[in-house]
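Student: Could you take me through one part of this structure up close? I'd like to see how a single strand sits among its neighbours, and then where the neighbours lead.

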Amino acid sequence: MSKLLLNAIKREPVPRRPLWIMRQAGRYLPEYRALRKEHAFKDLASSAELATQVTLLPIERYPLDAAIVFADIMSPLPALGIEFDFAPGPIVANPIASAADVDRLPEPNLDRLAPEVIDALRMTRAALDDDVALLGFCGAPWTLAAYLVEGKGVKDFPTLRAFAHSEPAALDALLAKLSELMAQYLIAQHAAGADAVQIFDSWAGVLSLTSWEAQIRPHLERLLTRVGEAGVPRILFLQNAPHLMEAYASLPCEVLACDWRVDIAALQARHGDTRAVQGNIDPAILLGGADATRAAAERLLDRVSPLGHIVNLGHGILPGTPLASVSALIDVVHAETL
Ligand code: 1CP
């Protein structure tokens with residue numbers, strides 16, 4: 001059997017829509033919580049064997065159409081000499097505060113470009129059935145810069161927004177380094193067995209459209225172009241940024257992945273002739289139980305054409321999500337015959 005996810009990426013007809021869930025290997029799974037009792041997150045993510053085991057957990061429990069390698073957007077940054085920890089989100093040891101800090105970043109050490117993630121991809125691919133796709137991922141340059149400049153996840157990232165306007169040349173140099181490194185990282189993930197890659201721009205939305213166009217677009221566009229030229233299918237995800245949706249739709253990629261704030265049916269109506277779409281059930285609805293989830297899933301399938309639609313949530317599944325909600329979502333998607 002072929003991989004439904006790849007058919008949908010190419011906007012080919014499918015017998016049913018493919019489904020995967022952002023953060024599908026997360027804390028809503030009892031088997032993940034059990035592993036986390038024995039190992040810190042960083043230990044799980046930095047061992048190829050443990051990361052492979054975690055990547056496969058949701059696939060062993062549920063008939064999902066893709067596995068996503070268990071890692072973090074920070075995983076490749078040791079290649080730039082960046083040190084960080086997790087508590088629970090990333091905490092950067094020495095945040096970037098000036099142009100001199102950017103200049104001091106060493107030339108990328110490709111031996112430290114997350115070799116554990118590359119190994120985990122190889123091991124996961126060997127363990128997966130042929131009809132399950134394997135996804136690699138990275139953080140978008142801006143979302144990575146958010147952690148590097150702010151030092152940690154902070155509401156609305158004020159230090160980052162100040163830096164963008166007080167040190168524009170430094171931000172430009174930082175984004176250029178990150179784009180180049182992420183292009184190499186995604187291409188290496190594809191070579192190790194990732195069928196497609198998702199670029200997470202989780203904090204895209206904190207800038208105005210005007211600032212985004214001037215400061216961010218050129219770097220994201222270069223990253224996407226390089227990865228596309230290498231023949232790697234690209235899923236571009238942006239979070240909490242409805243004002244940027246049309247700008248993202250003009251970037252080179254195969255799939256536009258949006259959060260629940262976006263009208264995905266309207267997005268498909270505007271761009272479905274050139275792009276697949278992915279999403280976008282509000283993850284909070286799953287907290288409301290199986291009936292609420294079933295209704296939301298049915299509404300989604302009703303509104304969005306199946307050609308070129310990958311079903312997913314609009315952001316990561318939340319830790320308290322009942323397993324019955326996940327089953328309900330899967331049942332609705334599997335009940336549709338096209
Ligand atoms: O178990 C734990 O307590 C650690 C929680 C955790 C997990 C499970 C972190 C820390 N990262 C991860 C894994 C992770 N991160 C995956 C694995 C694949 C999957 O199961 O789906 C992925 C794709 C990510 C990507 C990621 N990390 C993003 C982009 C996606 C998104 O959620 O918007 C971001 C912004 C991060 C940063 C991060 N790392 C961890 C947390 C809790 C956060 C976000 C919160 C913060 O900024 O504090």
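Tutor: Here is a walk outward from one strand, with a look at a helix at the end. Keep in mind that this is a predicted model.

Let's start with β6, residues 234–238. Five of its five residues are buried, so β6 is largely enclosed by the rest of the structure. You can see that on both faces: Arg234, Leu236 and Leu238 are buried on one side, and Ile235 and Phe237 are buried on the other. Yes, there's an arginine in that list: Arg234 counts as buried along with its neighbours, the cut-off being under 20% relative accessible area.

Now look sideways. On one flank, β6 runs parallel to β5 (residues 196–201), and five bridges join the two. If you want a place to put your cursor, glutamine 198 has isoleucine 235 of β6 as its bridge partner. To get from β5 to β6 the chain goes through helix α10, residues 209–229, in a right-handed β-α-β crossover.

β6 also pairs with β7 (residues 255–258), again in the parallel sense, over four bridges. Here leucine 236 stands opposite leucine 256 of β7.

Step across to β7 and both faces are covered there too: Val255 and Ala257 are buried on one side, Leu256 and Cys258 on the other. The next strand over is β8 (residues 276–281), parallel to β7 and joined to it by three bridges. Leucine 256 turns up again, this time standing opposite valine 277 in β8. Between these two strands the chain passes through helix α12 (residues 264–271), and this β-α-β crossover is right-handed. One more pair to click on is alanine 257, which stands opposite glutamine 278 in β8.

Zoom out and these strands belong to an open sheet of seven, in the order β1-β4-β5-β6-β7-β8-β9, with parallel pairing. At the edges are β1 (66–68) and β9 (309–313), each pairing on one side only. Ignoring direction, neighbouring strands in this sheet are turned by 25 degrees against each other on average.

What lies across the sheet? Helix α9, residues 168–191, lies across β4 (133–139) and β5, and it runs at about 170 degrees to β4.

The edge strand β1 takes us to another helix, α4 (residues 48–61). The buried residues of α4 pack against β1, and also against α2 (30–38), α3 (41–46) and α6 (115–127). 10 of the 14 residues of α4 are buried, so this helix is largely enclosed by the rest of the structure. Among them are Leu50, Val54, Leu57 and Ile59. From first C-alpha to last, α4 reaches 21 Å, close to the 20 Å expected at 1.5 Å a residue. Even so, the helix isn't quite straight: α4 bends by about 25 degrees at threonine 55, with proline 58 following within four residues. Both Thr55 and Pro58 are on the buried list.

Key
Residues numbered from 1 in each chain as written. Predicted model: local features only at pLDDT ≥ 70, side-chain atom pairs only at ≥ 80, totals over all residues. Heavy atoms only, no water. Buried < 20%, exposed > 50% of the residue type's maximum accessible area, 1.4 Å probe, protein only. Pairing = 2+ DSSP bridges. Right-handed = clockwise from strand over helix to strand, strands pointing away. Axes fitted to C-alpha atoms, helices over the stretch in contact; angles between N-to-C directions. Contact = heavy atoms within 4.5 Å. Expected span 1.5 Å × (residues − 1). Bend = angle between axes of the 7 residues up to and from the residue.
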